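The following exercises are to be worked through with the sequence and the coordinates at hand. Each task is followed by a solution in steps.

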Amino acid sequence: MRASIAAAYLNVLGVIIGTAVIAVGSIITAGFLISNIFRSFGPSTLIVFKFQIGFRFDVSREEFMRKPLTLENATRIGEALPLVKFDVSPYLFPDWNKIHNGKY
């Protein structure tokens, strides 16, 4: 009886240790992925947003009523800045309200 209880404890301990190793490996991998994303921006990258960036709750009505940025805006920014070495690459962030309120 004691041997089966000890085997059960060892089995649970093995599962806990295995889960911890997988979790640590996932965290390390996620850290590398996030740092690679930020590293890819580089010092010569210009990022343009519709809103003033930062964590805040006071979005003004004027900011909220701004039209969304378009591909044409990105092209014109690239044409207006002659020192842009490569090209303009617009990046579309999904609308959180549409994702959050999606129905299946």
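**Exercise 1: A salt bridge in a helix**

Arg76 and Glu72 are joined by a salt bridge in which the closest N and O atoms are 2.8 Å apart. The model is a predicted one. Task: determine how the positions of Arg76 and Glu72 in the helix relate to each other, and classify the exposure of both residues.

Solution.
- Step 1. Both residues belong to helix α3, which covers residues 71–80. Because Arg76 and Glu72 are four residues apart in this helix, about one helical turn separates them.
- Step 2. Arg76 has a relative accessibility of 53% and therefore counts as exposed, the cut-off being over 50%.
- Step 3. Glu72, at 46%, counts as partly exposed.
- Step 4. The structure holds two salt bridges. Another pairing is that of Arg66 with Glu62, with 3.2 Å between the closest N and O atoms. Arg66 is partly exposed, at 33% relative accessibility.

**Exercise 2: The surroundings of Glu63**

Task: establish whether Glu63 is buried or exposed, and identify which residues beyond its sequence neighbours it touches.

Solution.
- Step 1. Glu63 is located in helix α2, residues 61–64.
- Step 2. Its relative accessible area is 6%. Buried means under 20%, so Glu63 falls into the buried class. In the protein chain of 104 residues, 2% count as buried.
- Step 3. When residues up to four places away in sequence are not counted, Glu63 touches Lys50, Phe51, Gln52 and Arg56.
- Step 4. Lys50 is placed in the loop between α1 and α2. The C-alpha atoms of Lys50 and Glu63 are separated by 7.7 Å, with their positions 13 residues apart along the chain.
- Step 5. Lys50 is partly exposed, with a relative accessible area of 24%. Apart from neighbours within four places in sequence, its contacts are Glu63, Phe64, Arg66, Lys67, Pro68 and Leu69. Arg66, listed here as a contact of Lys50, is also the salt-bridge partner of Glu62.

**Exercise 3: Nonpolar residues of the loop and the surface**

Task: state which residues form a nonpolar patch on the surface, and describe the position and contacts of Val48.

Solution.
- Step 1. The patch consists of Ile37, Phe41, Ile47, Phe49 and Ile53, and together these have about 480 Å² of accessible area.
- Step 2. Ile53 lies in the loop between α1 (2–41) and α2. With a relative accessible area of 59%, Ile53 is exposed.
- Step 3. Val48 is found in the loop between α1 and α2, and counts as partly exposed at 40% relative accessibility.
- Step 4. Residues up to four places away in sequence being left out, Val48 touches Leu69 and Ile77. From Val48 to Ala74, 26 residues apart in sequence, the C-alpha distance is 8.9 Å.
- Step 5. For the protein chain as a whole, the accessible surface is about 10200 Å², of which 68% belongs to carbon and sulfur atoms.

**Exercise 4: Fold and confidence**

Task: give the order of the secondary structure elements, and state which element has the lowest mean pLDDT.

Solution.
- Step 1. The protein chain has four helices and zero strands, in the order α-α-α-α.
- Step 2. The average pLDDT of the protein chain is 76, and 74% of the residues score at least 70.
- Step 3. Among the elements, the lowest mean pLDDT, 62, belongs to helix α4 (residues 96–100), and the highest, 83, to α1.
- Step 4. Predicted coordinates should not be read in detail where pLDDT is low.

Note on methods: Residues numbered from 1 in each chain as written. Predicted model: local features only at pLDDT ≥ 70, side-chain atom pairs only at ≥ 80, totals over all residues. Heavy atoms only, no water. Helix = DSSP H or I, 4+ residues; strand = E, 2+ residues; numbered from the N terminus. Buried < 20%, exposed > 50% of the residue type's maximum accessible area, 1.4 Å probe, protein only. Areas by Shrake-Rupley, 256 points an atom, 1.4 Å probe, with all protein chains shown as cover. Salt bridge = Lys/Arg side-chain N within 4 Å of Asp/Glu carboxyl O. Contact = heavy atoms within 4.5 Å. Patch = residues over 30% accessible without salt bridge, like charges linked within 9 Å, V, L, I, M, F, W, Y side chains within 5 Å. pLDDT = per-residue confidence, 0-100.
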